Amino acid sequence: MSNPSVEPVAVKWWGWGLESKTYPLDDKPQFWPYLLKTLRLAELRECPRVTYEQVRLPAPRLDGRTLARLKRVAGVANVSTQKRDRLTHSLGKSYLDLLSLRRGIIRSPPDAVVYPEDEGEVAELLDFAQANRISVVPFAGGSSVVGGVEPARRRGFKGAITLDLRAMNHVVDVDPVSLTATVETGISGPELEEALNRKGFTLAHFPQSFQFSALGGWIATRSAGQVSTKYGKIEDMVESLTLVSPSGRLETRAVPASASGPELKQLLIGSEGTLGVITKAKLRIKRLPEVRKYEGLMFKSFRDGINAIRETMQSGLIPAMMRLSDPYETEVSLVLASEPRRLTEKVTRKFGLWMLERLGYASPRACMMILGVEGDAASAKAERQVAVRACKRNGAFAIGSAAGRTWLNERFELPYLRDILLDHCILVDTLETATTWNRLETLHGAVKSSIEDALAGMGASGVAFAHVSHAYPDGASLYFTIIAPQVKGREAQQWLRMKKAATNCIMRNGGTLSHHHGIGKDHAPWIRQELGADGLDVLRAVKRQLDPKGIMNPGKLLESS
Ligand SMILES: Cc1cc2nc3c(=O)[nH]c(=O)nc-3n(C[C@H](O)[C@H](O)[C@H](O)COP(=O)(O)OP(=O)(O)OC[C@H]3O[C@@H](n4cnc5c(N)ncnc54)[C@H](O)[C@@H]3O)c2cc1C
């Protein structure tokens, strides 16, 4: 049985989030007609999923003696070979993962799921796994979208175990003088924020997966939260960390900065479970913001919006977020806006849209930006002033705070829509990259075309749309969403063809292989191209040192499955 003290809330094994929750579409009457028109479909198909009872898992490979010894190491209650535990740890939440889960095709579940309770237990478990040729997957929230948590079935291994770290969820210490918090890495996003908020602090790391991901996963994937433009990515928030590897324990110094050679900490951040288990981190925290102001602006073109973000980022006064949707994403956002209930609101909205059109902010070129500032009142005001001025210089039209409020309230909801689309045989995926300002627009156009061409090549009229988020003085990330009718019987090939085309295009056009999702299994075939052959050798040498028998998360990051 899984550790009863940490029994999770009921989450979907086949999709995203809470079992009890879905994405509301009743108040968005334009959505289905828009989708049919965009994907050139006469009607929608139904793609039902299998029931839990219909899922069959391969039998666990660990023999009785090995399992009994594993239970002696971790405690009987902390080792599970039950179907639900193995199933919920078999895959992450990528499109491919959901395809497999919904069909009940689970090729490589862990043979056992172990719930260690402290760092000492993690060390003992790695010793045990190394001595017994058992591979180990560290598991935080399981929201990987790049195949990061799927155990690899490798010859020469007796089996695979997954270490779910959710019981290691304690805030060890908060230092209000240095503004740091020492935290175990199994802590989930909500648990961490609640604990910090109670003391008047925040980490300010809010990936869209926030509610169902955890600190260890964020650090291991170099994750980015929605307000990373102001507060940085997770690698900027970690002052020091502890890693338990099969070769021993590493703890980096807890100092604000150091000139003691290359930074070991940054080598371990982003290691995706391939070097060991990150058990603890000292995090840079912030005081809760006094002010949080989010608002909407419209631009006449994507280029205008990009220029506004660049000019703001290069001014030195950085807002929390400048999230600019391209024209296609802007259209989708408007279609997904809830229909107002009251007549006066309906009239106001209709008039607003008519006005925007009259002023030249019309589809198919207009782009929406959500601008957010946070912090103490004075700095938030100054940051807003600089950003709004840059937007106005580039022709923006302010549409007010309602758009900002809606975005804030719904910022974790959209992933629930993916499950509904999958129910109707629609491919839905996202991918992301980052590049410098001088290449951003070209990269955007090229990736969009590469995806749509690849989909068309398989007879599906799919679309890709994007937003610029996570901005820097020298560039920004691009985040693409792809929707297309599934090619019946060839769903996985269709995705692979699209993914290959997009990734090759990103690499050709000066983008990085990943800005924040990481490498996992899906991006591993391109890692040599990203790091260069010598660069990859350096990281592989580190892996040999820390994990000489290669038990840590094989088939991810540094090697293809
Ligand atoms: C709907 C949705 C929205 C998303 N939005 C964002 C977003 O806004 N920003 C973003 O950055 N990402 C996003 N992601 C991707 C994903 O949530 C991130 O990669 C996240 O950081 C993974 O965290 P997790 O706790 O779920 O980690 P997991 O999926 O459990 O693990 C991810 C990787 O880290 C390794 N790992 C986990 N814990 C440890 C540990 N303690 N020590 C060593 N290795 C470990 C795992 O082995 C695996 O390789 C999103 C995903 C989904 C499904």
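## Around the ligand

Pro138, Gly142, Ser143, Ser209 and Ala214 come nearest to the ligand, out of the 35 residues around it. Keep in mind that we're looking at a predicted model here.

Who lines the site? By class, the shell around the ligand splits into 18 polar, 15 nonpolar and 2 charged residues. As for where they come from, strand 3 (134–139), helix 7 (215–221) and strand 10 (277–284) each put in at least two residues. Helix 7 is the top contributor to the shell, with 5 residues.

## Polar contacts and burial of the ligand

Oxygen atoms of the ligand pair up with both backbone and side-chain atoms of the protein. On the backbone side, an N or O atom of Gly141 sits 2.8 Å from a ligand oxygen, and Gly148 likewise places a backbone N or O atom 3.1 Å from an oxygen atom of the ligand. From a side chain, Asn553 has an N or O atom 3.2 Å from a ligand oxygen. On its own the ligand would expose 970 Å², and the protein buries 97% of that.

## Helix 16, tucked inside

Now for helix 16, which spans residues 415–423. Is this helix enclosed or open? It's largely enclosed by the rest of the structure, because 8 of its 9 residues are buried. The buried ones are Pro415, Tyr416, Leu417, Arg418, Asp419, Ile420, Leu421 and Leu422, so the list takes in Arg418 and Asp419 along with several leucines.

What do those buried residues pack against? Their partners are two helices, helix 1 (31–38) and helix 4 (95–103), plus two strands, strand 16 (426–436) and strand 18 (475–485). After helix 16 comes Cys425, which has a positive phi, near 60°.

## The chain as a whole

Stepping back, the protein chain has 20 helices and 18 strands. Its radius of gyration is 24 Å, close to the 24 Å that the globule rule gives for 561 residues, so the chain is as compact as a globular protein of that length. Along the principal axes, the C-alpha atoms fill a box of roughly 75 × 60 × 50 Å.

Buried residues account for 55% of the 561 in the chain. Among contacts with a separation of 6 or more, 79% join residues 24 or more positions apart. On the outside, the chain exposes about 23,900 Å², with carbon and sulfur atoms supplying 53% of that area.

Definitions and conventions: Residues are numbered from 1 along each chain as its sequence is written. This is a predicted model: local features need pLDDT of at least 70, side-chain atom pairs count only at pLDDT 80 or more; totals for chains, interfaces and linings use all residues. Side-chain values use heavy atoms; hydrogens and water are left out. Buried means under 20% relative accessible area, exposed over 50%, partly exposed in between (1.4 Å probe, protein chains only). Helices (H or I, at least four residues) and strands (E, at least two) are DSSP runs, numbered from the N terminus. Contact means heavy atoms within 4.5 Å. A residue is near a molecule or strand if one of its heavy atoms lies within 4 Å of it. A polar contact is a pair of N or O atoms within 3.5 Å; within protein, one must be able to donate a hydrogen and the other to accept it, and residues adjacent in sequence count only if both atoms are side-chain atoms. Accessible areas come from the Shrake-Rupley method with a 1.4 Å probe; for residues, only the protein chains shown count as cover. Ala, Val, Leu, Ile, Met, Phe, Trp, Tyr, Cys and Pro count as nonpolar, Asp, Glu, Lys and Arg as charged, and the others, Gly among them, as polar. The radius of gyration is taken over C-alpha atoms; the globule rule is 2.2 Å times the number of residues to the power 0.38.
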